[in-house]
Amino acid sequence: MDDFARLLKESWTLVEEHRERLSGHFYARLFLLDPELRKLFPVQMAGQGDRLLEAIITAIHTVDDPENFDEFLRSLGRDHRKYHVAAEHYETMGVALLDALRSTAGDGWNLEYDQAWRDAYAAISEKMLAGAAADENPPYWHAEVLTHERHGPDTAVLTVRALQHPLPWKAGQYVSVEVPRYHPRVWRTYSIANAPNDDNVLEFHVRTPGAGWVSGALVRRVKPGDLLRVAAPMGSMTLDRDSERDILCIAGGVGLAPIKALVEELAGYNRTRWVHVFYGARTEADLYGLAGLRELVAAHPWLSVTPACSDEEDFDGELGDIPDVVARYGPWTAHDCYVSGSARMVRATLRVLAEDDVPEQNIRYDTFGEL
């Protein structure tokens, strides 16, 4: 690791345990420097600071991986257009961020750390602005809800059609969604659950066990005819068409969404690669997508699906947490592996794959929550 990356990661340890204070100071300073910026954010700021910190953490942990660092920041710049962030706002945000870092770190902060963060933010803002400028698509698409199906009290499957402009995406990617009627300027990311199509129709699988604003609205309040906003696609959990390896897909709960999209895309061209899908949930009722997967199995001889339940002993299938089930069926060393689900499920699955000596470069994953 070079000195630049070392200084960033080393200095981050001074503030990592004080994230709430850091984000609070950042936004207070930001809105003091430019009160007009407050209009770009939700009325209720709960959770906004976490998203900022997640972006910072990802950036500093990829700074010594130039290719991923560059792509992440360009994607972030494209995505931030949905907030109406302009070029002149980046300088103000940089001042506020450095001030928040200095204040939160306290006496442990030094001139080397300060200069490293100045240089890092200059590179971050340059790449984000380049990503935003290079995107010819609109900052977001208006989309009409076409269908809405409830699966139990907490889960819904809905389809929407992007209006006015084609929305280009790849199977396995995700988008940010806003429900302006109920929660304006609040965005939440969801994986797209279907492969690209000429009709500009996207499918989403949404679960809201708590009182999540956007997810709650999408599950309990949205109905056909409502308008949503959908931002530019992001994410790299996409198929490698040049690979000849067989494929392992592991989905937990609504983590099925990008896995279903990948299988649908494979259905359009695959003739040589075996595809194994492991799909887990707590109960059989939570396996809301199983019937659709079995229809795909009936149509494609290269596809197999293994369902599993962790909390239903009389389930007619595999029992246990899905990472443990996957481990029983290995080895998976020669496969391309795709993992999607909760943070806990993804962590456990990555451990299983590592113990199975699956090369890291052959694993792509998505997660609903912080790893």
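Reader: Where does Arg 185 lie in this structure?

Author: In this predicted model, Arg 185 sits in the loop that runs between E3 and strand E4 (187–191). Its backbone deserves a look as well, for the phi of Arg 185 is near 65°, a positive value in a residue other than glycine.

Reader: Is Arg 185 buried or exposed, or does it fall in between?

Author: The reading depends on two cut-offs, since buried means under 20% relative accessible area and exposed means over 50%. Arg 185 has a relative accessible area of 30%, so it is classed as partly exposed.

Reader: Which phi does Gln 164 have, and in which loop does Gln 164 lie?

Author: Gln 164 has a positive phi of about 75° although it is not a glycine, and its loop is the one between strand E2 (155–162) and strand E3 (174–178). With a relative accessible area of 68%, Gln 164 is exposed.

Reader: Which peptide bond is cis, with omega near 5°?

Author: That bond is the one from Gly 330 to Pro 331. When you locate it on the model, look for Pro 331 in the loop between helix H10 (322–329) and strand E11 (335–342).

Reader: How should I read the surroundings of a loop residue such as Asn 362, which lies between helix H11 (343–355) and strand E12 (363–368)?

Author: Take accessibility and then contacts, where a contact means heavy atoms within 4.5 Å. Asn 362 counts as buried because its relative accessibility is 11%. Leaving out residues up to four places away in sequence, Asn 362 touches Arg 245, Thr 333, His 335, Asp 336 and Cys 337. With one of these, Arg 245, the side chain of Asn 362 also makes a polar contact of 3.4 Å.

Reader: What does Val 206 touch in strand E5 (residues 201–207), or beyond it?

Author: Val 206 belongs to strand E5 and, at 1% relative accessibility, counts as buried. Apart from residues up to four places away in sequence, Val 206 touches Asp 154, Thr 155, Ala 156, Leu 158, Tyr 190, Ser 215, Leu 218, Val 219 and Val 254.

Reader: What can a separation along the chain tell me about distance in space, for Val 206 and Gly 108 on the one hand and Phe 31 and Ala 96 on the other?

Author: The two quantities should be read side by side. Val 206 and Gly 108 are 98 residues apart along the chain, and their C-alpha atoms are separated by 43 Å. Phe 31 and Ala 96 are 65 residues apart along the chain, while 9.0 Å separates their C-alpha atoms. Phe 31 itself is found in helix H2 (residues 19–33) and, at 17% relative accessibility, counts as buried.

Reader: How many helices and strands are in the protein, and why is it described as compact as a globular protein of that length?

Author: The protein contains 11 helices and 12 strands. Its radius of gyration is 22 Å, close to the 21 Å that the globule rule gives for 371 residues, and therefore it is as compact as a globular protein of that length. Along its principal axes, the C-alpha trace spans about 60 × 50 × 40 Å. Of the contacts with a separation of 6 or more, 72% are between residues 24 or more positions apart.

Reader: What share of the residues is buried, and what supplies the exposed area?

Author: Buried residues account for 50% of the 371. The protein exposes about 17,900 Å², of which carbon and sulfur atoms supply 49%. As for charge, there are 38 positive and 58 negative charges, and their mean positions are 6 Å apart.

Note on methods
Residues are numbered from 1 along each chain as its sequence is written. This is a predicted model: local features need pLDDT of at least 70, side-chain atom pairs count only at pLDDT 80 or more; totals for chains, interfaces and linings use all residues. Side-chain values use heavy atoms; hydrogens and water are left out. Helices (H or I, at least four residues) and strands (E, at least two) are DSSP runs, numbered from the N terminus. The radius of gyration is taken over C-alpha atoms; the globule rule is 2.2 Å times the number of residues to the power 0.38. Buried means under 20% relative accessible area, exposed over 50%, partly exposed in between (1.4 Å probe, protein chains only). Accessible areas come from the Shrake-Rupley method with a 1.4 Å probe; for residues, only the protein chains shown count as cover. Lys and Arg count as positive and Asp and Glu as negative; His and the chain ends are not counted. The place of a charge is taken as NZ of Lys, CZ of Arg, CG of Asp or CD of Glu. A polar contact is a pair of N or O atoms within 3.5 Å; within protein, one must be able to donate a hydrogen and the other to accept it, and residues adjacent in sequence count only if both atoms are side-chain atoms.
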